[in-house]
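This report covers nonpolar cores, one helix pair and two backbone outliers. Keep the model open while reading.

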Amino acid sequence: MNEKELINYYNKHNEEKRLLTKHANIEFITAMKYIKDYLKDGYKILDVGAGTGRYSLELQRDGYDVTAVELVKHNLRYIEKKGIKCYQGNAIDLSRFEDNSFDMVLLFGPMYHLLTMDEKVKALEEAKRVSKKYIFISYCMNEFAVIYHGFMEGYIKEDIKNLDNTFKVLKDNDNLYSYVRLEDIDYLKDKCNLKRVKIINQDGPTEYIKNIVNKMDDETYELFINYHLSTCERLELLGSGRHILDILEK
């Protein structure tokens, strides 16, 4: 992971504005629905790679004890203004926290940017160490990258040099994003000896039709949310969206 380039990227990228769009909100709604399914009174939550604190703030409002870790100072200042406990740091070193310090750990950004499997294992091992119970992880999916950036946006002829013969995105130290397939996610789960609770297509077809979703009236948008939540666990849809949400148990 190139921390300097990542910080520069997020200093220019308005993450808070993105999350307020209808299409990006599907990702948030889905994650919060499943988080709340497993929360219990008194749970302590660690939000690693917290961004601008969207999840941290929502969970704190619900009365939970939330701590955020964020690499980018610009984002960190935004979180601090919201009155959330926060620290600057990254996912592969949570040494400031003792073992079993939190009931639930969220990794909703780090796995996008840790480029090697070794880095991903380190992050997951750290999350496991500080967690008593649950780890929620979001991944960027390989097929979305190929279909959307390659074919829909028309870059496939340029992208092909960064793909293997199965159209798997190759590791590239110049790329800020890391893309995985289901077998990679399974490898990480097994490598860290964690039990899967559920795996979910976090945003379904939303990113492919985001212009349509953003123009939906409220009634249609509500129907779309209901459709997505009723189908996001279907096995035939896993891996087709932009993000996968993997819920693991220690």
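The largest nonpolar core has 29 residues. A nonpolar core here is a set of buried Ala, Val, Leu, Ile, Met, Phe, Trp, Tyr and Cys residues joined through side-chain atoms within 4.5 Å. Buried means under 20% relative accessible area, exposed over 50%, and partly exposed in between (1.4 Å probe, protein chains only). L46, L107, M111, L124, I137 and Y139 have the most contacts inside this core. Two or more residues each come from β1 (44–48), β4 (102–107), α7 (117–130), β5 (131–141), α10 (182–191) and β8 (243–249). Helix α7 gives the largest share, 5 residues. Helices (H or I, at least four residues) and strands (E, at least two) are DSSP runs, numbered from the N terminus.

The model is predicted: local features need pLDDT of at least 70, side-chain atom pairs count only at pLDDT 80 or more, and totals for chains, interfaces and linings use all residues. Residues are numbered from 1 along each chain as its sequence is written, and side-chain values use heavy atoms, with hydrogens and water left out.

What does L124 touch, not counting residues up to four places away in sequence? Its partners are L107, M111, I135, I137, L188, K189, C192, L194 and L248. Contact means heavy atoms within 4.5 Å. A second, separate core has 22 residues, including F28, Y43, Y64 and Y134.

Now the helix pair. The axes of α7 and α10 come within 10 Å and cross at roughly 50 degrees. Axes are lines fitted to C-alpha atoms, for helices over the stretch in contact, and angles run from 0 to 180 degrees between N-to-C directions. The two helices are therefore oblique to each other; angles under 35 degrees count as roughly parallel, over 145 as roughly antiparallel, 65 to 115 as roughly perpendicular and the rest as oblique. From α7, the contact uses M117, K120, V121, L124 and E125. From α10, it uses D184, Y187, L188, K189 and K191. These residues divide into 5 nonpolar, no polar and 5 charged. Ala, Val, Leu, Ile, Met, Phe, Trp, Tyr, Cys and Pro count as nonpolar, Asp, Glu, Lys and Arg as charged, and the others, Gly among them, as polar.

Two residues other than glycine have positive phi.

| Residue | Phi | Loop | Relative accessible area |
|---|---|---|---|
| F167 | near 65 degrees | between α9 (156–159) and β6 (179–180) | 33%, partly exposed |
| N193 | near 55 degrees | between α10 and β7 (195–201) | 61%, exposed |
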